[in-house]
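I set out to look up backbone outliers first, then helix packing, and finally the overall make-up of the chain. My entries follow in that order.

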Amino acid sequence: MNHFEIREIAGKGRAMVATKDFIAGEIIFEEEPFVSHQFSWNAAYGYAACDHCMRPLETVLANVRRLANNQTVSMPLLQHDPTAAWFQQFTQCARCKVRYCSEDCLMEAQKRYHRVACLGAFRADDTHPINILNETWKKMHYPPETGTIMLLVRLLAMYQQTSKKQEFLEQLQSFQALIVNREQKIYHKMLGENFEQQMEQLYGAFCNAFKGEEFSVFTTPDAFKTLMGIMGTNSQGIATSVLSQWVSKVSELPLPDADKAQLDNTIDELYAKVGEFAGEFLNNEGSGLYILQSKINHSCVPNAQSTFPYSNDIVVLKAITPIQAGEEICISYLDECLLERSRHSRHKILRENYIFVCECPKCRAQISEPDVTSEEESDGEMDDYEDDEGMD
Ligand SMILES: [Zn+2]
Ligand SMILES: [Zn+2]
Ligand SMILES: [Zn+2]
């Protein structure tokens, strides 16, 4: 049974409210995504993740060697490789050879979307309309990635495959609707400078890939923009890494101090090696839409946090401070570093990415702060947003 409810809060709209007291660290809920997908470049570069749940599909040694681009790297404590226990269970789609971490994931994918989404022998065919669509997206959206058109492809496959089409559409509509005149910023954010042109091009490739009458509910220009907007404002980033799983496992080993210090050194060296070649791109990365989690509002002083403790796409919401029954549950849409920035900077980022104005306790307390960013924050892009100050 859930210990929260979704309800309207005056002046704020939809919110998640606790219906019992939570202590810091307590789990509020766990949730599988409505849909998730690995990012397009991440997949293209060979980051090995289950096509359904994004669990890593490499041994930790293979992961480190690939990221370091060096097949001679060695590392200790391989008996603690998190993948070892899973390796026997890895499987693939017999037709298209897409890989899964388990028979369960393969079956779940088949049940929900892969029966119609499987490209079979066309998976590597550049002229297949789905591959053209993905390539069109990739040319517009270089790493670091924040979304993928393949998430929408999977959504449409789910729609095509489900016998409960009305229910599916209602679930999709439960994601935050967009405020029409603010949409532009989301598209700008996703597609960059020439977003209008890019949007046209992407829309063309999308319609080409989904020609059937059954998709007409998604292929009007407005419906396509709405889908893009849902993805842009609601998707939650997902990152999995067998290396970080291994690191947290071996870091907890009861070792003598000297061995511990040596292990820390080894870990630092490994990160230096992989960082040299792979830079910041160490994880399997993707994003997902979560029905419950997407209902949680932002606060710059959050009382809860989304975590991914299973190294797959299951989100676990945890209290990070005590929460009392009746209190709203909030997470931060900004990372810790951004949370420390001025009210003006936080508002700029939230407006740009999520299309709302934050009125959390911290922002209300700082309301008298001047509407300028601090020195190190004025990077020139601010100007775009000065004009619409009055609209808020
Ligand atoms: Zn899986
Ligand atoms: Zn397949
Ligand atoms: Zn705030």
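I located M54 in the loop between α1 (40-44) and α2. The model I am reading is predicted. I looked up the phi of M54 and found a value near 70°, positive in a residue other than glycine. I noted this value because most residues other than glycine have a negative phi. I then asked whether M54 is buried or exposed. M54 has 30 C-beta neighbours inside 10 Å, and 20 or more suffice for a buried residue, so I entered M54 as buried.

I turned next to L77, which lies in the loop between α2 and β5 (91-92). L77 is not a glycine either, yet its phi is positive, at about 55°. I counted 14 C-beta neighbours inside 10 Å of L77 and therefore recorded this residue as partly exposed.

Both loops adjoin α2, and I examined the packing of that helix. Helix α2 (residues 60-68) packs on helix α11 (residues 257-278) at an angle of about 45°, with 7 Å between the axes. I therefore classed α2 as oblique to α11. Which residues of α2 and α11 meet? From α2 I listed V64, L67 and A68, and from α11 I listed L270, K273, V274, F277 and A278. By class, I recorded 7 nonpolar residues, no polar residues and 1 charged residue in this contact.

I then looked up a second helix pair, α4 (residues 129-140) and α5 (residues 149-161). The axes of α4 and α5 come within 9 Å and cross at roughly 150°. Angles over 145 degrees count as roughly antiparallel, so I described α4 and α5 in that way. On the α4 side I found I130, L133, N134 and W137, which meet I149, M150 and V153 of α5. I classed the residues in the contact of α4 with α5 as 6 nonpolar, 1 polar and no charged.

I also inspected the loop between α4 and α5, where P144 is found. The peptide bond that joins P143 and P144 is cis, with omega about 0°. I flagged the bond because most peptide bonds are trans.

I closed with the chain as a whole. How many helices and strands does the secondary structure comprise? I recorded 15 helices and 12 strands. Of the 392 residues in the chain, 31% are buried, and I note that M54 counts among the buried residues. Among contacts in the chain with a separation of 6 or more, I found that 72% are between residues 24 or more positions apart.

Terms used: Residues are numbered from 1 along each chain as its sequence is written. Chains are lettered from A and ligands numbered from 1 in the order in which they are written. This is a predicted model: local features need pLDDT of at least 70, side-chain atom pairs count only at pLDDT 80 or more; totals for chains, interfaces and linings use all residues. Axes are lines fitted to C-alpha atoms, for helices over the stretch in contact, and angles run from 0 to 180 degrees between N-to-C directions. Helices (H or I, at least four residues) and strands (E, at least two) are DSSP runs, numbered from the N terminus. Angles under 35 degrees count as roughly parallel, over 145 as roughly antiparallel, 65 to 115 as roughly perpendicular and the rest as oblique. Two residues are in contact if their C-beta atoms, placed from the backbone, lie within 7 Å. Ala, Val, Leu, Ile, Met, Phe, Trp, Tyr, Cys and Pro count as nonpolar, Asp, Glu, Lys and Arg as charged, and the others, Gly among them, as polar. A residue is buried if 20 or more other C-beta atoms lie within 10 Å of its own, exposed if 12 or fewer, and partly exposed in between; C-beta atoms are placed from the backbone.
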